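Please read these notes with the structure open beside them. They take up a few local points, one at a time.

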Amino acid sequence: FFFFNDTATTEIYTEQIVGSVRCVQETGINAEYMGIIYKLNRKIQMLQRSLSKVFNLVSKAQLRQGRTLTKMVNAGSSRFFSTEIVKKSEGRLAKVLNSEIKHEQENYSADDTISGFLKENGWKMIDSDNSNRVDLVKTIGDIDVIVEFQSRSPVSQEEQEGEDQQQQQDQQQEEQMPQEDFCEFTVYLTKKGGNKAFVYDCVSIQSEIQVQFSTIVGDIEAFRALPKFERSTTLYPGPDFQTLDERLQNALLEYLQGFGVNEELAVFIEHVSLDKEQRLYMRWLQDLASFVQK
């Protein structure tokens, strides 16, 4: 029982307190009881607000559950619709791929001069259909020579026009060779029975060979297994070739040229790297078409 020393009606208290409240008027009630009643009223109000929030959350959860069930019901009809879209887009893709394959095959012809160059200069070309790397190998005395390069894409027409404009600003020449005659390659010289290699990292620009660096590596196979961009960060590549004494540069170039690494080979590498890219592109088209049509 609660005892109130107050003239208020019992209805006022029953609105704040759950259950029935019996109000008995009596004198001398301590103010402490009034404080207890006030706190109790506050707790009941908080409880009411909490219950209201719970009811709201339950209602929202039920609404979301109903929407989810609606989506699940509609999924069966949309599944058939999506399959039809895939089939149509698959047919269009196959048609475009076959057209592109036909166009590339009609405009590509194998270069008969490749085999003639290899035979005339004593090179053997190792070219795998599943790799973008090409190796030229031969032996001179007790030195095994490996020239390694990769396929490369031709310069787009927009890039070519930009390069031409820049070149015209830098120098006025009546005839200029195409800027796409650019290719990186690496030369390995190993002695028979050994695993060390004398490495030349080179670039061919319009058939002119420029050496980037030259160094000795202890394990040629491990070095070749590294991605090209990691080679110079993993092992010391030697100094910038252009900073070497001119006499040393000329001596190193003369030694390299003695193994047949010259301007004629540079032209060959530039040509074959583009041809390799074209063959890989045609193979890629055929693989896509085979997957889509299977």
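1. Salt bridges link Arg133, Asp135, Glu148, Arg224 and Arg231 into a network. This is a predicted model, and the whole of it holds twelve salt bridges.

2. Within that network, Glu148 pairs with Arg224, their closest N and O atoms lying 2.9 Å apart. Glu148 belongs to strand E3 (residues 143-150) and Arg224 to helix H5 (residues 220-225), so this salt bridge ties together parts 76 residues apart in sequence. Both Glu148 and Arg224 are buried.

3. Another salt bridge joins Asp127 and Lys276, with 2.5 Å between the closest N and O atoms. It connects distant parts of the chain, since Asp127 sits in strand E1 and Lys276 in helix H8, 149 residues apart. Are the two partners buried or exposed? Lys276 has a relative accessible area of 1% and is buried, whereas Asp127, at 24% relative accessibility, counts as partly exposed because the buried class ends at 20%.

4. Lys228 and Asp201 also meet through their side chains, at 2.7 Å from N to O. Lys228 is in helix H6 (residues 228-234) and Asp201 in strand E5, so the bridge ties together parts 27 residues apart in sequence. Lys228 is partly exposed, at 37% relative accessible area; Asp201, at 12% relative accessibility, counts as buried.

5. Strand E5 (197-205) leads to a loop before strand E6 (208-217), and Gln206 lies in this loop. Phi of Gln206 is positive, near 50°, in a residue other than glycine. Ser207 is in the loop between E5 and E6 as well, and has a positive phi of about 70° although it is not a glycine. Gln206 counts as partly exposed at 26% relative accessibility, while Ser207 counts as buried at 14%.

6. Which residues of helix H3 are buried? In this helix (residues 113-121), they are Ile114, Phe117 and Leu118. Seen down the axis of H3, these buried residues fall within an arc of 95°, so they line one face of the helix. As background, an α-helix has 3.6 residues a turn, so residues three or four places apart point the same way. On the other side of H3, Thr113, Ser115, Lys119 and Glu120 are exposed.

7. What do the buried residues of H3 pack against? Their partners are strand E1 (124-127), strand E2 (133-140) and helix H8 (263-293). Just after H3 comes Gly122, with a positive phi of about 75°.

Terms used
Residues are numbered from 1 along each chain as its sequence is written. This is a predicted model: local features need pLDDT of at least 70, side-chain atom pairs count only at pLDDT 80 or more; totals for chains, interfaces and linings use all residues. Side-chain values use heavy atoms; hydrogens and water are left out. Buried means under 20% relative accessible area, exposed over 50%, partly exposed in between (1.4 Å probe, protein chains only). Helices (H or I, at least four residues) and strands (E, at least two) are DSSP runs, numbered from the N terminus. The arc is that of the directions from the helix axis to the C-beta atoms. Contact means heavy atoms within 4.5 Å. A salt bridge is a side-chain nitrogen of Lys or Arg within 4 Å of a carboxyl oxygen of Asp or Glu.
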